[in-house]
Amino acid sequence: QVHLAESGGGLVQAGGSLRLSCAASAAPSTFYTMGWFRQAPGKEREFVASIAWSGDNTYLDESVKGRFTINRDNDRTTMYLQMNSLKPEDTAVYYCAAKSVSRYSSYVYTRPDHYVYWGQGTQVTVSS
């Protein structure tokens, strides 16, 4: 079981920046790849970024490459999404997610159905 809680959303003008945080809590010896997804009104949930449990592999969707960065604290309890050069089309509810993996996993996952655990979401609104 992994409990996730996002924070850091808000309203920002186009070109601005936000940093989202996802605090994770889990039982000892629980290993999990984490990801960020977003869902705009009337649209399906879409992949944004993922970081492997090992920490040495990250992957970002083409739509955010060069603008967003995913990373994690050394103790692996908090994941971040640094969002720069925000655009109105980045407006959505952002969710963090986790998937249980093996201890030495370096895999990232991009599909929502790969993930079992989800946070409640945080709203990001980018005004033009």
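Start in the middle of this predicted model: select Leu-4, Met-34, Trp-36, Phe-68, Leu-81, Met-83 and Tyr-94, the residues that touch the most other members of the 37-residue largest nonpolar core. Now colour the strands that each supply at least two residues of this core: β1 (2-7), β3 (18-26), β4 (32-39), β5 (46-51), β7 (68-72), β8 (78-83), β9 (92-100) and β11 (122-127). The largest share, five residues, comes from β9.

Stay with Tyr-94 and show what surrounds it. Its contacts include Leu-20, Phe-37, Arg-38, Val-48, Phe-68, Met-83 and Val-124.

Next, switch to a cartoon view and pick out the open sheet, with its four antiparallel strands in the order β1-β3-β8-β7. β1 and β7 are the edge strands with a single partner each, so one side of each has no neighbour in the sheet. On average, neighbouring strands here are turned by 15° against each other, direction ignored. Zoom in on β7 and β8, which pair over five bridges; you will find Thr-69 opposite Gln-82.

Now for the charged side chains. Select Asp-90 and Arg-38, which form a salt bridge at 2.9 Å, N to O. Asp-90 lies in the loop between β8 and β9 and Arg-38 in strand β4, 52 residues apart. Are these two buried or exposed? Both Asp-90 and Arg-38 are buried.

For another pair, go to Glu-62 and Lys-65, whose closest N and O atoms are 2.8 Å apart in a salt bridge. Glu-62 counts as exposed because its relative accessibility is 57%, while Lys-65, at 39%, counts as partly exposed.

Last stop: Asp-113 and Arg-111, joined by a salt bridge of 2.8 Å, N to O. Asp-113 is exposed at 55%.

Methods. Residues are numbered from 1 along each chain as its sequence is written. This is a predicted model: local features need pLDDT of at least 70, side-chain atom pairs count only at pLDDT 80 or more; totals for chains, interfaces and linings use all residues. Side-chain values use heavy atoms; hydrogens and water are left out. A nonpolar core is a set of buried Ala, Val, Leu, Ile, Met, Phe, Trp, Tyr and Cys residues joined through side-chain atoms within 4.5 Å. Buried means under 20% relative accessible area, exposed over 50%, partly exposed in between (1.4 Å probe, protein chains only). Contact means heavy atoms within 4.5 Å. Two strands pair if DSSP finds at least two bridges between them. Axes are lines fitted to C-alpha atoms, for helices over the stretch in contact, and angles run from 0 to 180 degrees between N-to-C directions. A salt bridge is a side-chain nitrogen of Lys or Arg within 4 Å of a carboxyl oxygen of Asp or Glu. Lists of a residue's contacts leave out its neighbours within four places in sequence.
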